[in-house]
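Okay, everybody got a coffee? I'll put the structure up, and then we'll walk through it together.

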Amino acid sequence: MKLVYTHENLTLVATVANHLRQNDIDVIIKNQYAAGGAGQLAPIETWPEIWVVDDRDCLRANQLVEELNKDSNKPQWQCQNCNEMNDATFDYCWRCQHDSHQ
Ligand SMILES: [Zn+2]
C-alpha cells in the first residue's frame, strides 16, 4: 500500500478518494475519524490519508490526484450562506452544503 494524498479537510480527502474509486483504483482512507474522538491526542496532526491498496495503481493515482489539484488551483468561491471559502472542485459548500450556483 502507498500513501497518495493527505489533507486536513476530510471532505476534500473524500472527494479525491471518490475520484480514484471512479477510476477503478482501490483505495482506503485512514484517520477518517481521528478528528472527532474525545480524549484523543493531537487530532490536528492526524490528517485523513488516502492509501492505494495495489502499488501498481500508484502512478495512475498520483496523476489523478495531480489533475484534481490543478482544478483546485482555480479561483476559490465564497459561500453565499456562511461566507466560507471553498475550492473550485466543490459544487457545494464543504461547511454548510450550500449550492455554489445559487
Ligand atoms: Zn456555506
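**Starting from the tail**

Let's begin with Gln97, which sits in the segment after strand 5. Helices (H or I, at least four residues) and strands (E, at least two) are DSSP runs here, numbered from the N terminus. Before I go on, a bit of housekeeping: this is a predicted model, so local features need pLDDT of at least 70 and side-chain atom pairs count only at pLDDT 80 or more, while totals for chains, interfaces and linings use all residues. Residues are numbered from 1 along each chain as its sequence is written, and side-chain values use heavy atoms, with hydrogens and water left out.

Back to Gln97. Its phi is near 70°, a positive value in a residue other than glycine. For context, most residues other than glycine have a negative phi. Gln97 counts as exposed, because its relative accessibility is 54%. My cut-offs there: buried means under 20% relative accessible area, exposed over 50%, partly exposed in between, with a 1.4 Å probe and protein chains only.

In that segment after strand 5 you'll also find Asp99. Buried or exposed, this Asp99? Buried, because its relative accessibility is 18%. Leaving out residues up to four places away in sequence, Asp99 touches Asp91 and Tyr92; contact means heavy atoms within 4.5 Å.

**The cysteines**

I know someone will ask: how many disulfides does the structure hold? Zero, where a disulfide is a pair of cysteine sulfur atoms within 2.5 Å. Cys93 counts as buried, since its relative accessibility is 0%. Cys96, at 27% relative accessibility, counts as partly exposed.

Cys93 also gives us a way across to the loop between strand 4 (77-78) and strand 5 (85-86), where Gln80 lies. The C-alpha atoms of Gln80 and Cys93 are separated by 9.2 Å, and the two residues are 13 apart along the chain. Gln80 itself counts as exposed, at 63% relative accessibility. Asn83 is in the loop between strand 4 and strand 5 as well, and although it is not a glycine, it has a positive phi of about 70°.

**Zooming out**

So what pattern does the protein chain follow along the sequence? It reads β-α-β-β-α-β-β, with two helices and five strands. Of the 102 residues, 31% are buried. Take the contacts with a separation of 6 or more: 46% of them come from residues 24 or more positions apart.

On confidence, the average pLDDT for the protein chain is 85, and 84% of the residues score at least 70. pLDDT, by the way, is the predictor's confidence in each residue, from 0 to 100. Confidence is highest in strand 3 (residues 49-52), at 96, and lowest in helix 2 (residues 58-72), at a mean of 86.

**Helix 1**

Now to helix 1, residues 10-22. It has 13 residues and reaches 18 Å from its first C-alpha to its last, close to the 18 Å expected at 1.5 Å a residue; the expected span is 1.5 Å times one less than the number of residues. Its buried residues include Leu12, Val13, Val16, Ala17 and Leu20. They cover an arc of only 135° around the axis, so they are on the same side of helix 1. That arc is the one made by the directions from the helix axis to the C-beta atoms. As a reminder, an α-helix has 3.6 residues a turn, so residues three or four places apart point the same way.

At the ends, Asn9 caps the N-terminal side of helix 1, with a side-chain oxygen 2.9 Å from the backbone nitrogen of Thr11. After helix 1 comes Asp24, whose phi is positive, near 60°.

**Two buried residues to click on**

First, Leu20 in helix 1: buried, with a relative accessible area of 0%. Beyond its neighbours within four places in sequence, Leu20 is in contact with Val4, Ile25, Val27, Ile50, Ala61, Leu64 and Val65. From Leu20 to Arg60 is 9.1 Å, C-alpha to C-alpha, with their positions 40 residues apart in sequence.

Then there's Val52 in strand 3, buried with a relative accessible area of 0%. Not counting residues up to four places away, Val52 touches several residues, among them Met1, Val4, Ile25, Val27 and Ala61. The C-alpha atoms of Val52 and Ile25 are separated by 7.3 Å, although these residues are 27 apart along the chain.

That's my tour, so over to you.

How values were computed
Polar contact = N/O pair within 3.5 Å; in protein donor to acceptor, adjacent residues only side chain to side chain.
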